[in-house]
Amino acid sequence: PRQPAKTLWYDRPRYVYLEFCVEDSVDVRVTIEDQRLVFSCKNADGVEFYNEINLYARINSKDSREKRSDRSITCFMRKWKEKVAWPRITKENIKPAWLSVDFDNWRDWEGDEEVERAMVEQYAEV
């Protein structure tokens with residue numbers, strides 16, 4: 001049986017970030033479409049994870065990526081309309097139990113574009 005992965009998200013002027021919290025993931029599949037993201041993987045114990053998110057707004061799927069680490073899979077998705085805040089990550093105005101705001105990375109945008117650019121470049125290098 002599949003279960004959703006615990007997921008954190010946060011908003012920036014140009015990108016929206018999603019972090020799927022699965023340690024030692026294998027068979028990772030991320031499909032990023034203009035209005036939807038589908039994530040699946042297994043962990044070291046063979047548990048299957050699956051998340052499907054209809055996104056709040058359109059993104060540029062060609063300029064969106066994911067990065068796997070030992071502890072999680074982070075997706076960063078380029079917003080179609082930059083500098084427009086997303087009040088939530090989902091199209092539907094409901095909050096699934098597995099989805100939370102990443103308050104450690106949430107902050108005011110003022111003067112944040114340089115920080116964001118550095119973060120994206122850091123992800124792109126891997």
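Leaving aside neighbours within four places in sequence, which residues is Met77 in contact with? Select Met77 in this predicted model and show what surrounds the side chain. The list is Arg14, Tyr15, Val16, Leu18, Ile32, Leu37, Leu55, Ile59, Ser64 and Ile89.

**The core.** Met77 is also one of the residues with the most contacts inside the largest nonpolar core, which has 22 residues. Add Leu18, Phe20, Leu37, Phe39 and Ile89 to the selection; they share that description. Then colour β3 (15-20), β4 (26-32), β5 (36-42), β6 (48-54) and β8 (73-79), each of which supplies at least two residues of this core.

**The whole chain.** Zoom out and switch to a cartoon. There are 9 strands and 1 helix, and along the sequence the strands come before the helix, in the pattern β-β-β-β-β-β-β-β-β-α. Of the 126 residues in the chain, 40% are buried. Among contacts with a separation of 6 or more, 61% are between residues 24 or more positions apart. The accessible surface is about 7,500 Å², and carbon and sulfur atoms account for 44% of that area.

**The open sheet.** Select β1, β6, β5 and β4, which in that order make up an open sheet of 4 strands with mixed pairing. β1 (2-3) and β4 stand at the edges with a single partner strand each, so one side of each has no neighbour in the sheet. Inside the sheet, β5 and β6 run antiparallel and are joined by 7 bridges. To see the pairing register, select Arg36 and look across to Asn54 in β6, which stands opposite.

**The aromatic rings.** The model has 7 aromatic pairs. Pick Trp9 and Trp106: their rings are edge-to-face, 5.3 Å centre to centre, with 85 degrees between the planes. Trp9 belongs to strand β2 (residues 7-11) and Trp106 to the loop between β9 (99-101) and α1 (113-124), so this pair ties together parts 97 residues apart in sequence. Which of these terms, buried or partly exposed, fits Trp9? Trp9 counts as buried because its relative accessibility is 4%, under the 20% cut-off. Trp106, at 34%, counts as partly exposed. Next, select Tyr10, Tyr15, Tyr17 and Phe76, which form one aromatic cluster.

**Charges over rings.** Two arginines finish the tour. Show Arg2 with Tyr50: the charged end of Arg2 sits over the tyrosine ring, 4.0 Å from its centre. Then show Arg58 with Trp80, where the charged end of Arg58 sits over the ring at 3.7 Å from its centre.

Notes: Residues numbered from 1 in each chain as written. Predicted model: local features only at pLDDT ≥ 70, side-chain atom pairs only at ≥ 80, totals over all residues. Heavy atoms only, no water. Core = buried A, V, L, I, M, F, W, Y, C linked by side-chain atoms within 4.5 Å. Buried < 20%, exposed > 50% of the residue type's maximum accessible area, 1.4 Å probe, protein only. Contact = heavy atoms within 4.5 Å. Phe/Tyr/Trp six-rings, centres within 6.5 Å; stacked < 30°, edge-to-face > 60°. Lys NZ or Arg CZ within 6 Å of the ring centre and 35° of its normal. Pairing = 2+ DSSP bridges. Areas by Shrake-Rupley, 256 points an atom, 1.4 Å probe, with all protein chains shown as cover.
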